[in-house]
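The following report was prepared for a reader who wants to go through a protein model with the coordinates at hand. Please keep the sequence and the structure in view while reading.

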Amino acid sequence: MKLRTLATTIIALSAMPALALASSGADESRELRKVAKRLESRYHGEVVAITRDASGDERPHYHVDMSFGAAGMARLDVDARTLDLDTRDLPLVSSGAASLAEAAAIVAASVPGEVIAAQADSAPGVAPHYEIDVRLTDRAVAQLRVDATTRGISWRTPYVVAP
């Protein structure tokens, strides 16, 4: 009888992380919908894409693509605490700075795998850079950063996301 109780307890405890992960995904989805709704009412546009930048190497913020009708689209960084806006387009840097396409090509030539995502990222106090994700041969995703000025490649946090 005690062995059965122990086995049941072990099974229940092993299922808890999966349940926590499932609920955290739902919680994050609810959080993003709530933030999108607040942004739409505050800035009178339509949020068409939103993700939380959870890399931990910068202040907490969201990457948001917002449509303003005939005025067009804006790619924005939004401070997670204050919901203040900051553009995601790179500010003017030296004329020799790498473009997003050049940064993706540098990574493609340096890292074996397939470039699956690339975007500009700039925040107050952080040098303009590109965030590029590469699907490695083992299906994991390497999260890289390319400095727009030096063209140097470095890791983001977390470095690799399991497949």
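The report below treats the overall layout, then the sheet, the nonpolar residues, the salt bridges and some backbone details.

**Overall layout**

The model is predicted, and the protein in it has 2 helices and 8 strands. Read along the sequence, these elements follow the pattern α-β-β-β-β-α-β-β-β-β. Of the 163 residues of the protein, 31% count as buried.

**The sheet of strands 5 to 8**

Four strands form an open sheet in the order 5-6-7-8, and their pairing is antiparallel. Strand 5 (114-121) and strand 8 (153-161) are the edge strands; each has a single partner strand, so one side of each is left without a neighbour in the sheet. From one strand to the next, the twist averages 20 degrees.

Within this sheet, strand 6 (residues 129-135) and strand 7 (residues 141-147) are paired in the antiparallel sense over 7 bridges. One position in this register can be named: aspartate 133 has glutamine 143, in strand 7, as its bridge partner. Aspartate 133 returns below, as its side chain also takes part in a salt bridge with arginine 156.

**Nonpolar residues, inside and at the surface**

In soluble globular proteins, nonpolar side chains tend to be buried together. The largest nonpolar core of this model has 13 residues, of which Leu39, Val47, Ile50, Tyr62, Val64 and Val78 touch the most other members. Two or more residues of this core are given by each of helix 1 (2-43), strand 1 (46-53), strand 2 (61-67) and strand 3 (73-79). Helix 1 contributes the largest share, with 4 residues.

Nonpolar side chains are also found at the surface, where Trp155, Tyr159 and Val160 make a patch of about 340 Å². Of these residues, valine 160 lies in strand 8, one of the two strands that stand at the edges of the sheet. Why does valine 160 count as partly exposed? Its relative accessible area is 39%, and the class of partly exposed residues lies between the limits of under 20% for buried and over 50% for exposed.

**Salt bridges**

Side chains of opposite charge can pair when their charged atoms come close. A search of the whole structure finds 4 salt bridges, and the table sets out three pairs with their N to O distances.

| Pair | N to O distance | Separation in the chain |
|---|---|---|
| Glutamate 31 and arginine 52 | 3.5 Å | 21 residues |
| Glutamate 102 and arginine 151 | 3.7 Å | 49 residues |
| Arginine 156 and aspartate 133 | 3.0 Å | 23 residues |

The pair of glutamate 31 and arginine 52 links distant parts of the chain, with glutamate 31 in helix 1 and arginine 52 in strand 1. Glutamate 31 is partly exposed at 30% relative accessibility, and arginine 52 is likewise partly exposed, with a relative accessible area of 32%.

The pair of glutamate 102 and arginine 151 joins helix 2 (residues 100-110), which holds glutamate 102, to the loop between strand 7 and strand 8, which holds arginine 151. Glutamate 102 has a relative accessible area of 38% and is partly exposed, while arginine 151 counts as partly exposed at 31% relative accessibility.

Are the partners in the pair of arginine 156 and aspartate 133 buried or exposed? Both arginine 156 and aspartate 133 are buried, and the pair connects strand 8, where arginine 156 is found, with strand 6, where aspartate 133 is found. The two residues also belong to a network of salt bridges that links Glu131, Asp133 and Arg156.

**Backbone details**

Most residues other than glycine have a negative phi, and most peptide bonds are trans. Against this background, three places in the model deserve a look.

The peptide bond that joins threonine 157 and proline 158 is cis, with omega at about -5 degrees. Proline 158 is placed in strand 8, the strand that also holds arginine 156 and valine 160.

Arginine 139 is not a glycine, yet it has a positive phi of about 80 degrees; this residue is found in the loop between strand 6 and strand 7. Arginine 151 also has a positive phi, of about 65 degrees, although it is not a glycine. Arginine 151 lies in the loop between strand 7 and strand 8, and its side chain is the one that meets glutamate 102 in a salt bridge.

Note on methods
Residues are numbered from 1 along each chain as its sequence is written. This is a predicted model: local features need pLDDT of at least 70, side-chain atom pairs count only at pLDDT 80 or more; totals for chains, interfaces and linings use all residues. Side-chain values use heavy atoms; hydrogens and water are left out. Two strands pair if DSSP finds at least two bridges between them. Axes are lines fitted to C-alpha atoms, for helices over the stretch in contact, and angles run from 0 to 180 degrees between N-to-C directions. Patches are made of residues with over 30% relative accessible area and no salt bridge: like charges are joined within 9 Å, nonpolar side chains (Val, Leu, Ile, Met, Phe, Trp, Tyr) within 5 Å. Accessible areas come from the Shrake-Rupley method with a 1.4 Å probe; for residues, only the protein chains shown count as cover. Buried means under 20% relative accessible area, exposed over 50%, partly exposed in between (1.4 Å probe, protein chains only). A nonpolar core is a set of buried Ala, Val, Leu, Ile, Met, Phe, Trp, Tyr and Cys residues joined through side-chain atoms within 4.5 Å.
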